[in-house]
Structures are given as structure tokens and as C-alpha cells.
Amino acid sequence: MKHGFVALVGAGPGDKGLITLRGAELLSKADVVVYDRLVSHEIIKMIPPEAEKIDVGKENKFHLVKQEDINRILLNKSLEGKTVIRLKGGDPFVFGRGGEELELLQENDIPFEVVPGVTSAVAALCYGGIPATHRDFCSSMHIITGHAREGGQLSIPFNELKELNGTLVFLMGLSLLSYLMNGLLNAGMDKDMPAAIIENGTRPNQRKLVATVGTLEQKALKMGIKSPAIIAVGKVCTLSDKFNWFMKKPLFGTKVLVTRPKASSGTLVEKLRQLGAEPLEYPCIEVVPIPQNEKLCSVCEKLSEYGWILFTSKNGIQIFFDYLNSKGLDARVLANIKIGTVGSQTARALKEVGLISDFTPEIFDGSHLAQGVSQLVGENEKVLICDAAIASDDIVNIFNNNNIKFDRVPLYHTNYINENSDEIRKMIIDGELKYITFTSASTVEGFMASVKDIPLGSMTAVCIGNQTAEAAKKYNLTYVISEKSTIDSITDKLLEIGGGNIND
């Protein structure tokens, strides 16, 4: 029987952008993924949906799965002929027990690979504005574990560390902070030596404490610092404010609820992340193509009758052209037909299939699309409207008022979904969520269906376009409207209502 394959992949300290290209490539091919507590939710979302996910989350003094059992899981799954990814926070070999996990595989001739990861010992300092080394302060760094082997005694050579004059980085040492700081002081280190703690390094909920060896423990208790956190000691900690690039991002630490469908949320989520926000993906609708769509079949057999085709979403374009392709057809069947798109994203989706929109209104909604096309359509031309099964009648009403002939074909259903609604409801009740983005009236409806009977007065909705705003108004939500119906305009509006730095 052919054995499978195991890869130990370092997931980095949390920021999705810090997983390596090789790590992401292997993760995309996984049959089984075995992951730790420190692997961020953003990276867990990269796991293929069909892959088996095994949470072996470990933290100090509590192991969901014992180490020897983890080793056995890796072996057993690989013996089933599967591609197994052992996803580990940070780097597999930097106090990550990766070597222990390989021993059983090596003994059983299981092929394996190790993909290095960005260790928090460097990354968390970097995101805290602290360079691990600097020629004006030190020329070395030293990584020390603050966690002893189970049943063992932690023994740190404090006298030797004090003499190194380098940056000291303690991993997994928060529970022993008193022992570490007193050990350095007893070894003769100056009590005013700068020291720092970075909690949740590289993540949007990162916190930072800069103090001294003599005051770090007391201030950490006052701040309520929790793991995961790294501890740094050295003069480079004084550079923290000067080089504080990450926590100065304008939306740093702000939770923003994104209600777009999963397939469409990526651009907005990424832009929010670049601005330092913590985007929470909460798709409230899903787009489902209408199966065995006889009306679509019928109109595609007589496309030559139409002078215009209107698309009211990029989803419609995808479904329409997927249908054409399934019949062995392509864009050439539209050679003599003009195409109208409701907005810039829909026009961009059309361009991706090799066609340029003939008309996109300046204001991205159905009313302005219909008004503009009404001025352009020929006297005897007929228009095909491609939209959702349940959609606004704005286009239809305007065409009827202008005596424009048209057919309307629904391409998809918009279903309301409520994944993780209990978690989101709790965040709203606890006041953790202040901002929510709506990119269509249907996302408003889907969201409201999931949060019945809880107060929403503390939240502000950023709506894309007037129709979306009308839906928010119907539910008495506090809302603002983006200047344009674009993703960039949504993020601009978030920056505006936050006064430049939303956390000031």
C-alpha cells in the first residue's frame, strides 16, 4: 500500500500574509490538516473545504490532544495514503516540537517535508515597532523558551544572558514573568533596562506594553496581558514608538462586519485588513444559480432578437456565461448585442470574459441603469434583463413607462444564511462591533434576519448606494452612504466617520 505524505508547515504568528508561498501551496492540496490553537482563523479559512480538519489546540498546562497522540494521528493518516499537513503556529522547529513529530514518521518510512514559518520572536517585535537588532544598541538576539518540558524544571542561565548585551526574547513565558524578570534582576541587570510585551503579535487585536525589567510584571498585571504573548528585553525596546507602523494604521483594531457573500467578500476584506481593521466575514446571503433554468435556455436560443442585455450583478455575468459555455457557446453569440452593467464591479466581471460594457451609469443602481439605457436603445430594439429571482422592479417600471420592449430572465436565487450568528450576536451585545458594511439591500435583509430582538443602536452601517440605504432605513439602523458604489468608497467612508484614525 502506498504511503501518504506529511508536511510540517509553519503558519507564522497570525497575520495571513506571513504564511510562506510553499506553505500555502501545500495547504491547498491537503487531505487532512492537523492544527494548533495559535494558528489564526484567517489561515484556517485557507484549508480546502473538503479536507478533514483536526484541532489539537494546545496551550500552557492544557492539551486538547497529548503530544504522543498527535504524533500517532500524523502517522495513521499518512498510512491511509493521505496528504497530511501539520499546521503549526510560528515555525515548526522554534520551540514547536516539530522534531518530536517527525521521529515516528521517520521510523515508519513516511515521506515528509518541513516548511519554515515566520517565528513570532521576530515578527511580533517587528509589528510592535521593535527591531530585533540595531547597530546602535546591540548586535545579537537570543530566543529563550519560558516553558519547561512536562514534568521538568525550567533552568535559564540568567547570569550568562545578562552578559550578552543582546536582545532577549522569551517565548511562552508570560505565566513565568515574575521568575524571568527577577532572574535577570538577581543576575545584576539594571532595573531600568527597557522591556516589552507584545500580545497577539501581528494580529488586529495586538496589544503592546513597553516598560522596564523592574516594572514590566506590575504593568502587565494592570493591563491584563494574556497569552499568546512574547517578552523582549533590551535597549531596542525604546524604538517601539518611533517605528510603530502597524498599530498606527488608521483602522487598527476596529472590528468591521462584512456581510457580502463569501465569493465576493475578498476585495473588501483585504482592503480593510490593509488599513489595520479586523474584518469579520459574516456572509448573510448566498447566490445560488437557478437549476434547470428553462427561461434562460429559451432566451439563449433567440439572442439575435435582443439589441441590449443588462446585467445587475457580477454574479449574473458568471452564471450567464457559465451557461453559454455549458452549451459550447462563447461571447461571439453576443457579437451584435450591446451590454449594460449596473456598476463598476459588474463591468469588471464582464471584462474578465472578454467584453467591454457599452453603458455603466455614474450612479450604480438599477434605476440609473434603466434611465441611461432608455436614452440609448433603438426604436425597435428589445432588451433582455438578467437579474435575481427576487429583485427590485425599478428597471421594469422605467422601461414600461418608456414603452421599451423587454424580457426578464432570473438567473439566481438569493438565499439568506446565518453562519456563526450566536458569536456575532454576542459581539454586538457586548459592544465589540461598531461598524457593518452592506453592499446590497439583500445583505441588509439577511443580516436583520439573524439579529432579531437585540439592540443595534451602537452600530453604524456603511451602505453602498441608495437602495441599500433604504433597506437599512426601514429597520431604523444608523447608516451612512458611501459617495460612490465602490469598495474603495466604502473604506473611504469608514475612514471619514472615524475621523482619520477610528480609534482616536
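**Sheets, helices and cysteines in a predicted model**

Strand S16 (308–311) is covered on both faces: Trp308 and Leu310 on one side, and Ile309 and Phe311 on the other, are all buried. Here, buried means under 20% relative accessible area, exposed means over 50%, and partly exposed lies in between, as found with a 1.4 Å probe on protein chains only. In a regular strand the side chains alternate between the two faces of the sheet. The model is predicted, so local features need pLDDT of at least 70 and side-chain atom pairs count only at pLDDT 80 or more, while totals for chains, interfaces and linings use all residues. Residues are numbered from 1 along each chain as its sequence is written, and side-chain values use heavy atoms, with hydrogens and water left out. Helices (H or I, at least four residues) and strands (E, at least two) are DSSP runs, numbered from the N terminus.

The partner of S16 is S17, and the two run in the parallel sense over 4 bridges. Two strands count as paired if DSSP finds at least two bridges between them. Phe311, one of the buried residues of S16, has Thr341 in S17 as its bridge partner. S16 also helps to cover a helix. In helix H12 (residues 344–352), the buried residues are Gln345, Thr346, Ala347, Ala349 and Leu350. These pack against S16, helix H11 (314–326), strand S17 (338–341) and helix H18 (487–497), where contact means heavy atoms within 4.5 Å. After H12 comes Gly354, with a positive phi near 95°.

It helps to look next at the sheets. One open sheet has 5 strands in the order S14-S13-S20-S21-S22, with parallel pairing. Strand S14 (278–281) and strand S22 (478–481) have a single partner strand each and stand at the edges, so one side of each is left without a neighbour in the sheet. From one strand to the next, the twist averages 25°; axes are lines fitted to C-alpha atoms, for helices over the stretch in contact, and angles run from 0 to 180 degrees between N-to-C directions. Within this sheet, strand S13 (residues 255–258) and strand S20 (residues 435–438) pair in the parallel sense over 3 bridges, and Leu257 stands opposite Ile436 in S20.

Helix H17 (residues 466–474) has Thr468, Ala469, Ala471 and Ala472 buried. They cover an arc of only 155° around the axis, which puts them on the same side of H17; the arc is that of the directions from the helix axis to the C-beta atoms. Their cover includes S20, S21 (460–463) and S22, together with helix H16 (441–450). Asn476 follows H17 and has a positive phi, near 60°.

A second open sheet of 5 strands shows mixed pairing, in the order S8-S9-S12-S10-S11. Its edge strands are S8 (141–145) and S11 (207–212), and each pairs on one side only. The twist here averages 20° from one strand to the next. Strand S10 (residues 194–199) and strand S12 (residues 229–233) pair in the antiparallel sense over 5 bridges, with Ile231 in S12 as the bridge partner of Ile197. Helices lie across this sheet too. Helix H5 (residues 120–127) crosses S8, strand S9 (167–171), S10 and S12, at about 80° to S12. Helix H8 (residues 216–223) lies across S10, S11 and S12 and runs at about 150° to S11.

The cysteines form 0 disulfides, a disulfide being a pair of cysteine sulfur atoms within 2.5 Å. For Cys126, the nearest cysteine sulfur is that of Cys237, 14 Å away, and Cys126 is partly exposed, with a relative accessible area of 37%. The sulfur of Cys463 is 13 Å from the closest cysteine sulfur, in Cys284, too far for a bond. Cys463 is buried, with a relative accessible area of 0%.

A charged-residue example comes from helix H3 (residues 67–79), the place of Lys77. Lys77 is buried, with a relative accessible area of 15%. Leaving aside neighbours within four places in sequence, Lys77 is in contact with Val32, Glu52, Ile54, Lys82 and Val84.

Finally, an unreviewed UniProt entry annotates residues 268–491 as "domain: Tetrapyrrole biosynthesis uroporphyrinogen III synthase". UniProt positions are given in the numbering used here, feature names are shortened, and annotations may be inferred rather than shown by experiment. Over residues 268–491 the chain is 39% helix and 21% strand, and the end C-alpha atoms are 8 Å apart.
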